[in-house]
Amino acid sequence: VTVDGNGLEVLDRTACLPLLASATVGRVGVWFASGPEVLPVNYALSGDDLVIGTNPAGRLHGALGTEPLAFEVDDVDPAYEWGWSVLVRGRARHLDDPAEVARAERLPLRSWGPGRHRAFVAVALTTADVSGRRLGLHGIDLR
Amino acid sequence: MRTIDDRTGLQELDETTCLLLLGRHTTGRLAVVHDGRPLIFPVTYRRSGRTLVFRSDEGTKLDAVTHGSPVAFEVDELDNRTHQGWSVVVTGTAEEVTEPAELDAVRKLRLEPWAPGVKPHFVRITPETITGRRIVDS
């Protein structure tokens, strides 16, 4: 078990994947010229891809095709000093191919708010940096 | 206040509502740039007036924010079953609190980080923008 400077257990890629698969909402961070932005998004895993539902008219959708992104998912309970977080860092690509879009539309990716997701981006988990931390979950084998 | 964003169809929240929601929660996600790439991590925070304060050890978090660097901070409450909820996003700058009177004040915020470690440093986020959205299933 590796512990970081904050006393948190360090999770490798293998241990992070089931945690990524266990949630449906994450936060995406992108750096715009005007500064940083962080927004909650719906996501789902599809093979080796992390697929994020976006609004094609939104600023985020445009930036995600060009800028490096950070994607974070967590479940933290400060009262019980319990929690985990997973961070994915890399680049996303817009899903443009009709077959890929059709596949994304079948994922359990429900839009928050009115309407459905009309666009998707994908992050290839095989090439992205995937790292995690956890606390108070010793004894749960994530492999 | 009920302003609907034409683009997203979500109800926009005014700043007062956002500040009230920020005061009700203690866990948020901080986005900073480190080595030219964005980084996000969960932090335990408290709202103090119109600012947000969190504790930090030496390391990535503090390195990334010591010089009034731009940051984004997000807090939300999203119910996966009903698909209702809200999210508040603050953008602004972060700086370590070093002035003695200010340090006394932030020490009284009952700011207990979720992670162990000493975390002797207090960092304050001063917002430039505070925006929020309420999600109501239509």
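Q: A polar contact is a pair of N or O atoms within 3.5 Å; within protein, one must be able to donate a hydrogen and the other to accept it, and residues adjacent in sequence count only if both atoms are side-chain atoms. How many residue pairs are in polar contact between chain A and chain B?
A: First, the ground rules: this is a predicted model, where local features need pLDDT of at least 70 and side-chain atom pairs count only at pLDDT 80 or more, while totals for chains, interfaces and linings use all residues. Residues are numbered from 1 along each chain as its sequence is written, chains are lettered from A and ligands numbered from 1 in the order written, and side-chain values use heavy atoms, leaving out hydrogens and water. With both residues at pLDDT 80 or more, the count between chain A and chain B is seven pairs.

Q: Which residue of chain A meets B:Arg29 in a salt bridge?
A: A salt bridge is a side-chain nitrogen of Lys or Arg within 4 Å of a carboxyl oxygen of Asp or Glu. The rule finds five of them across the interface of chain A and chain B. In one, 2.7 Å from N to O, the partner of B:Arg29 is A:Asp74.

Q: How many residues on the side of chain A that touches chain B are nonpolar?
A: Ala, Val, Leu, Ile, Met, Phe, Trp, Tyr, Cys and Pro count as nonpolar, Asp, Glu, Lys and Arg as charged, and the others, Gly among them, as polar. On that side of chain A, 11 residues are polar, nine are charged, and the nonpolar ones number 21.

Q: How much area do chain A and chain B bury between them?
A: Buried area is the accessible area (1.4 Å probe) that two parts lose on being put together, summed over both. Here 63% of it is on carbon and sulfur atoms, and the total is about 3500 Å².

Q: Is A:His61 buried or exposed?
A: Buried means under 20% relative accessible area, exposed over 50%, and partly exposed in between (1.4 Å probe, protein chains only). A:His61 touches residues including A:Phe120 and A:His94, where touching, or contact, means heavy atoms within 4.5 Å. Because its relative accessibility is 11%, A:His61 counts as buried.

Q: What is phi of B:Arg110 near?
A: Most residues other than glycine have a negative phi. B:Arg110 is exposed, with a relative accessible area of 61%. Its phi is positive, though this residue isn't glycine, and lies near 50°.

Note on methods
Lists of a residue's contacts leave out its neighbours within four places in sequence.
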